[in-house]
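Q: I have a new model open and would like to learn how to read its helix contacts and aromatic rings. Could you walk me through them?

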There are 2 protein chains.
Amino acid sequence: MIVILLYLTCFNFNTMEKLIHSIRITINDKLYLKDPESSNLGKRIVGESILMINDIGFESFTFKKLGKKIGSNESSIYRYFENKHKLLLYLASWYWGWLEYQLVFATNNIPDPGHKLERAIEIMTRATEIDLAFTHINEVLLNKIVINEYSKSYLTKEVDQENKDGYFVIYKRLVNRMSQMISEVNVNYRYPASLASTIIEGTLHQYFLIDHFASLTSCDNKNTPTEYFKHLAFNTLNKNI
Amino acid sequence: MIVILLYLTCFNFNTMEKLIHSIRITINDKLYLKDPESSNLGKRIVGESILMINDIGFESFTFKKLGKKIGSNESSIYRYFENKHKLLLYLASWYWGWLEYQLVFATNNIPDPGHKLERAIEIMTRATEIDLAFTHINEVLLNKIVINEYSKSYLTKEVDQENKDGYFVIYKRLVNRMSQMISEVNVNYRYPASLASTIIEGTLHQYFLIDHFASLTSCDNKNTPTEYFKHLAFNTLNKNI
DNA sequence: CAAATATAATAGTATTACTATCATATATAG
DNA sequence: CTATATATGATAGTAATACTATTATATTTG
């Protein structure tokens, strides 16, 4: 019995590992000049830029500083990314793609729309934890970057052109998935897309407020954004969980 | 009869004019070196910066360009504002102060908490219109700046220090007013501050989406953000309007 | 009219966000 | 095993930005 259990555990572990390591988040290839996943240097650029942007903020972050930190050269980094704006878009796309994967995985087999939406809100609003499947990326810090910097990636004069070029597809797909799930709970609700975008963007904002403007939020360790948004969504949709 | 009516109209117009022109939006004096309201040049700096930021975006906006536009000198603008970041904080404070004034004015004498909150949401979410009381400021364009640039004023590494220095007091007071009105409608609701910040920040976001990511919002000319947020708030609070 | 104050003009600095060129290291193909 | 392609590193250079400093000239005020 013990042997079988151990065997199964071992089997599950290995298959899970293989499955996990075969997952790749696909990002619009216009966002980079050379795929950073294709080399060690590329992975270090991505991995260390997350630490550095988190550390000094996107405004102070430069390719020169990053080069120094990873023992490489400014000019080498420019061979991967045109500029730091595109690197930010790349990081954000990765983050939203990673979240999307979790969303789809977690809600896939839930038949009841109410339960499905509940689970979806939990995934989208929970505190981020490290994912061992991606060793070069610190998801916790990446989440912080998205909270602190994501708006800057679309609050630009170039947003419409970049939107046309598909720089925000993953994010848009994610909001649309949420929107659909909302409609499945209440077909008559007139604002599914707005509620979806409010939850996703609002989650980032509430986490920011917890850290910097505690008086502007009712959320903290006890009252989580998850509870807030679940209450908000289901009361708005006139459905009890 | 006609004479009296005309007289009353005239009287009301004059008193209203006086009242209106005696209103000043008070802004933290650490945000400027010299009060821009105190001179013609100061007003031109504020007025034209609104047009210019709106036109080319905050990133491309510089004091040098502004100087050229208003026929003044870069160095003269630096005598009013330390840098463009503080100018943005000044403009944003002015905007939120202006909105706060309207909020207080419009909700002042409403005894019923439900009606009061409804009116408050209308004020906070409606499309901006020109206010003749402030000739040097284009409120419609300022609203657009707040939509497109406000996040950048607090998504910085200096936010905690600047918050301590009171750079965001007006905004915080506004959110707190909304929060209190929400609590008055339903004392048992556990997330009044979060709902208030969601409505105020969410309004900016929904207007941005209407302009740039129409598929991510359910709002447009017919379904207004006002209707969306009124529905959201009152259903969440389990009160019918 | 003198003195104070506001504004303008000019110059200068460190940093940023690149581009260009050339050198060297490493991988790969024949 | 070598030729060659490819990746990376080093260095230099440019225009623009975000200022600071100084001096000159208007304009206001006492």
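A: Gladly! Let's begin with one helix contact: in chain A, A:Leu195, A:Thr198, A:Ile199, A:Gly202, A:Thr203, A:Gln206, A:Tyr207 and A:Ile210 of α10(A) meet A:Pro225, A:Tyr228, A:Phe229 and A:Ala233 of α11(A). Contact means heavy atoms within 4.5 Å. By class, this contact has 8 nonpolar, 4 polar and no charged residues. Ala, Val, Leu, Ile, Met, Phe, Trp, Tyr, Cys and Pro count as nonpolar, Asp, Glu, Lys and Arg as charged, and the others, Gly among them, as polar.

Q: Before we go on, what should I know about the model and its numbering?
A: This is a predicted model, where local features need pLDDT of at least 70 and side-chain atom pairs count only at pLDDT 80 or more, while totals for chains, interfaces and linings use all residues. Residues are numbered from 1 along each chain as its sequence is written, chains are lettered from A and ligands numbered from 1 in the order in which they are written, and side-chain values use heavy atoms, leaving out hydrogens and water.

Q: How are α10(A) and α11(A) oriented to each other?
A: Helices (H or I, at least four residues) are DSSP runs, as are strands (E, at least two), numbered from the N terminus. Axes are lines fitted to C-alpha atoms, for helices over the stretch in contact, and angles run from 0 to 180 degrees between N-to-C directions. Angles under 35 degrees count as roughly parallel, over 145 as roughly antiparallel, 65 to 115 as roughly perpendicular and the rest as oblique. The axes of α10(A) and helix α11 (residues 225-236) of chain A come within 10 Å and cross at roughly 150°; the two helices are therefore roughly antiparallel.

Q: Which helices in chain B could I compare?
A: Try helix α6 (residues 113-125) and helix α10 (residues 192-212) of chain B, whose axes come within 10 Å and cross at roughly 40°. α6(B) and α10(B) are therefore oblique to each other. On the α6(B) side, B:Ile121, B:Met124 and B:Thr125 meet B:Ile199, B:Ile200, B:Thr203 and B:Tyr207 of α10(B). This contact has 5 nonpolar, 2 polar and no charged residues.

Q: Now the rings: how many aromatic pairs are there?
A: A pair of aromatic rings is described by the distance of the centres and the angle of the planes. Rings of Phe, Tyr and Trp (its six-membered ring) pair if their centres lie within 6.5 Å; planes under 30 degrees apart count as stacked, over 60 as edge-to-face and the rest as tilted. The structure holds 38 such pairs over all chains. A:Tyr228 and A:Phe229 have ring centres 4.6 Å apart and planes at 55°, so this pair is tilted. B:Trp96 and B:Tyr150 form an edge-to-face pair, 5.4 Å centre to centre with 65° between the planes. That pair links distant parts of the chain, with B:Trp96 in helix α5 (residues 84-107) and B:Tyr150 in helix α7 (residues 139-154) of chain B, 54 residues apart.

Q: Is B:Trp96 buried or exposed?
A: Buried means under 20% relative accessible area, exposed over 50%, partly exposed in between (1.4 Å probe, protein chains only). B:Trp96 counts as buried at 2% relative accessibility, and B:Tyr150 is buried at 4%.

Q: Where is B:Phe213, and what does this residue contact?
A: B:Phe213 sits in the loop between α10 and α11 (225-236) of chain B and is buried at 5% relative accessibility. Leaving aside neighbours within four places in sequence, B:Phe213 is in contact with A:Tyr154, A:Val159, A:Asn163, A:Phe168, A:Lys172 and B:Phe208.
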